[in-house]
Amino acid sequence: MIRCPIAYLSRSLSVSAAHRLCSPHLTEEENISSYGKCYNPNGHGHNYTVEVTVKGKVDPSTGMVMNLQELKKAMDVAVAAQLDHKNIDLDVPYFRDQRIVSTTENVTVFIWKEMTKSLGSNKHLLYKVVVWETDKNKFTYKGEEEI
């Protein structure tokens, strides 16, 4: 029996985006209490760092889990093209049309969903998405959902 090692490949990129934390399900007082200065009517911005990790068998022929250029292209489509220099609440249909609050938790889930589309036949390799909102705040999503 031939054993194939399992490896993790991570790639990161930076995007700058603006948003306003405001839930349509909360009153103004509840929004202020929940989001504080992030409820600012004019919004605010972040320089996010996004890291995508894939996990899989190291192909004995190529020596790779997946081609790094394919991962880069998938991230450009799923992350950079949709979020960089955008107002998340106004420019991203996922948040605008579904009225989803643009917390970094929800941004991380959005990136996961978009990466599964962008990776195509390699979507089964997607392991985790990590988004750093600041150098002290990071958010991780691994595709887990509770019923």
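How many helices and strands are there in the protein? Five of each: five helices and five strands. Bear in mind that this is a predicted model.

## Overall layout

Starting at the N terminus, the elements come in the order β-α-β-α-β-α-α-α-β-β. The C-alpha trace spans about 65 × 35 × 30 Å along its principal axes.

Of the 147 residues in the protein, 35% are buried. If you take the contacts with a separation of 6 or more, 67% are between residues 24 or more positions apart. On the outside, the protein exposes about 9,100 Å², and carbon and sulfur atoms supply 50% of that area.

## How the strands pair

β1 (6–19) and β2 (residues 44–57) pair in the antiparallel sense, with 14 bridges between them. One of the bridge pairs is His19 with His44 of β2.

β2 also has β4 (residues 126–132) as a partner: these two run antiparallel and are joined by six bridges. Here Val50 has Val131 in β4 as its bridge partner. So what should you keep in mind when looking at side chains here? In a regular strand they alternate between the two faces of the sheet.

## The largest pocket

Now for the empty space. The largest pocket has a volume of about 240 Å³, and 17 residues line it. Nearest its centre are Arg20, Cys22, Asp89, Leu90 and Ser102.

Which elements each supply at least two residues of that lining? β1 and α3 (88–91) do. By type, the lining residues divide into eight nonpolar, six polar and three charged.

Terms used
Residues are numbered from 1 along each chain as its sequence is written. This is a predicted model: local features need pLDDT of at least 70, side-chain atom pairs count only at pLDDT 80 or more; totals for chains, interfaces and linings use all residues. Side-chain values use heavy atoms; hydrogens and water are left out. On a 1 Å grid over the protein atoms alone, a cavity is a set of points where a 1.4 Å probe fits but cannot get out, and a pocket is an open set with protein on both sides within 12 Å along at least five of seven lines; lining residues have an atom within 4 Å of a point. Grid points are joined across faces, edges and corners, and a volume is the space filled by probe spheres set on the points. Helices (H or I, at least four residues) and strands (E, at least two) are DSSP runs, numbered from the N terminus. Ala, Val, Leu, Ile, Met, Phe, Trp, Tyr, Cys and Pro count as nonpolar, Asp, Glu, Lys and Arg as charged, and the others, Gly among them, as polar. Two strands pair if DSSP finds at least two bridges between them. Buried means under 20% relative accessible area, exposed over 50%, partly exposed in between (1.4 Å probe, protein chains only). Contact means heavy atoms within 4.5 Å. Accessible areas come from the Shrake-Rupley method with a 1.4 Å probe; for residues, only the protein chains shown count as cover.
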